[in-house]
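Here are my notes on the model you sent, set out as numbered points that can be checked against the coordinates one at a time. I begin with the charged pairs and then turn to the aromatic rings, the nonpolar core and one of the helices.

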Amino acid sequence: MGNDSEAEKTQQKEKERKKMLAISPIAKPLAGKKLSKKTLKFVRKAAEHKCLKRGVKEVVKSIRRGHKGLCVIAGNISPIDVITHVPILCEEADIPYVYVPSKEDLATAGSTKRPTCCVLVLTKPTKGELSPEEQEKLKVDYSHIVEDVSELTSSLF
């Protein structure tokens, strides 16, 4: 019995190691395990409330239209040229962004089966309205994550 869980643990560690090897060199600021988990949970909540833009095309369009939020980018994109312009757009529009290790995890959090390069978590839904308490919860989570991302960014530079 103990060997099964031990084998699973080593298999899990091997999977994590492979994920970390696939990360591109420009993926900075890269979220650590804790921040990554927190960010993906936030993306999942935003997907439930329809406050999410998925994919490079939608994200770029939303940023250019002036929508604000948090941009979450996958770090293991190949070829990397697909998303190299997104962080620049985010910086110009004063939108915080963070890289997470896996595009598969990002897609799962964003409620899609297809791996996703990046998502933009909007502060308010594009269509319809949220109840005030749901809006408040989303804003609180947003502010906590943005605070953590800014700490991470300041420690890099």
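1. This is a predicted model, and a search of the whole structure finds two salt bridges. In one of them the side chains of aspartate 148 and lysine 38 meet, with an N to O distance of 2.7 Å. Because aspartate 148 belongs to helix 6 and lysine 38 to helix 2, this pair ties together parts that lie 110 residues apart in sequence. With a relative accessibility of 22%, aspartate 148 counts as partly exposed, and lysine 38, at 38%, is partly exposed as well.

2. The other salt bridge is formed by lysine 45 and aspartate 141, whose closest N and O atoms are 2.7 Å apart. Here too the pair links distant parts of the chain, since lysine 45 sits in helix 2 and aspartate 141 in helix 6, 96 residues apart. Lysine 45 has a relative accessibility of 33% and therefore counts as partly exposed. As general background, side chains of opposite charge can pair when their charged atoms come close.

3. Which aromatic pairs does the structure hold, given that there are two? Phenylalanine 42 and tyrosine 142 have ring centres 6.4 Å apart and ring planes at 40°, so this pair is classed as tilted. The pair links helix 2 (residues 33-48), which holds phenylalanine 42, to helix 6 (residues 132-156), which holds tyrosine 142, across 100 residues of the chain. Both phenylalanine 42 and tyrosine 142 are buried.

4. The other aromatic pair, tyrosine 97 with tyrosine 99, is edge-to-face, with 6.3 Å from centre to centre and 80° between the planes. Tyrosine 97 counts as buried because its relative accessibility is 13%, and tyrosine 99 is also buried, with a relative accessible area of 1%.

5. The largest nonpolar core has 43 residues, of which Ile63, Cys71, Val72, Ile73 and Val86 touch the most other members. Two or more residues of this core come from each of helix 2, helix 3, strand 2, helix 4, strand 3, helix 5 (103-109), strand 4 (118-122) and helix 6. Helix 2 gives the most, with six residues. If neighbours within four places in sequence are left aside, isoleucine 63 is in contact with Leu89, Cys90, Ala93, Ile95 and Leu120.

6. Helix 4, which spans residues 85-92, has Val86, Pro87, Leu89 and Cys90 buried. Viewed down the axis of helix 4, the buried residues fall within an arc of 160°, so they line one face of the helix. On the other side of helix 4, Glu91 and Glu92 are exposed. For reference, an α-helix has 3.6 residues a turn, so residues three or four places apart point the same way.

7. What covers the buried residues of helix 4? The covering elements include helix 3 (56-64), strand 2 (69-74) and strand 3 (97-100). Among the buried residues of helix 4 are Leu89 and Cys90, both of which also appear in the contacts of isoleucine 63. A last detail to check is the backbone after helix 4, where aspartate 94 follows with a positive phi, near 55°.

Note on methods: Residues are numbered from 1 along each chain as its sequence is written. This is a predicted model: local features need pLDDT of at least 70, side-chain atom pairs count only at pLDDT 80 or more; totals for chains, interfaces and linings use all residues. Side-chain values use heavy atoms; hydrogens and water are left out. Buried means under 20% relative accessible area, exposed over 50%, partly exposed in between (1.4 Å probe, protein chains only). Helices (H or I, at least four residues) and strands (E, at least two) are DSSP runs, numbered from the N terminus. The arc is that of the directions from the helix axis to the C-beta atoms. Contact means heavy atoms within 4.5 Å. Rings of Phe, Tyr and Trp (its six-membered ring) pair if their centres lie within 6.5 Å; planes under 30 degrees apart count as stacked, over 60 as edge-to-face and the rest as tilted. A nonpolar core is a set of buried Ala, Val, Leu, Ile, Met, Phe, Trp, Tyr and Cys residues joined through side-chain atoms within 4.5 Å. A salt bridge is a side-chain nitrogen of Lys or Arg within 4 Å of a carboxyl oxygen of Asp or Glu.
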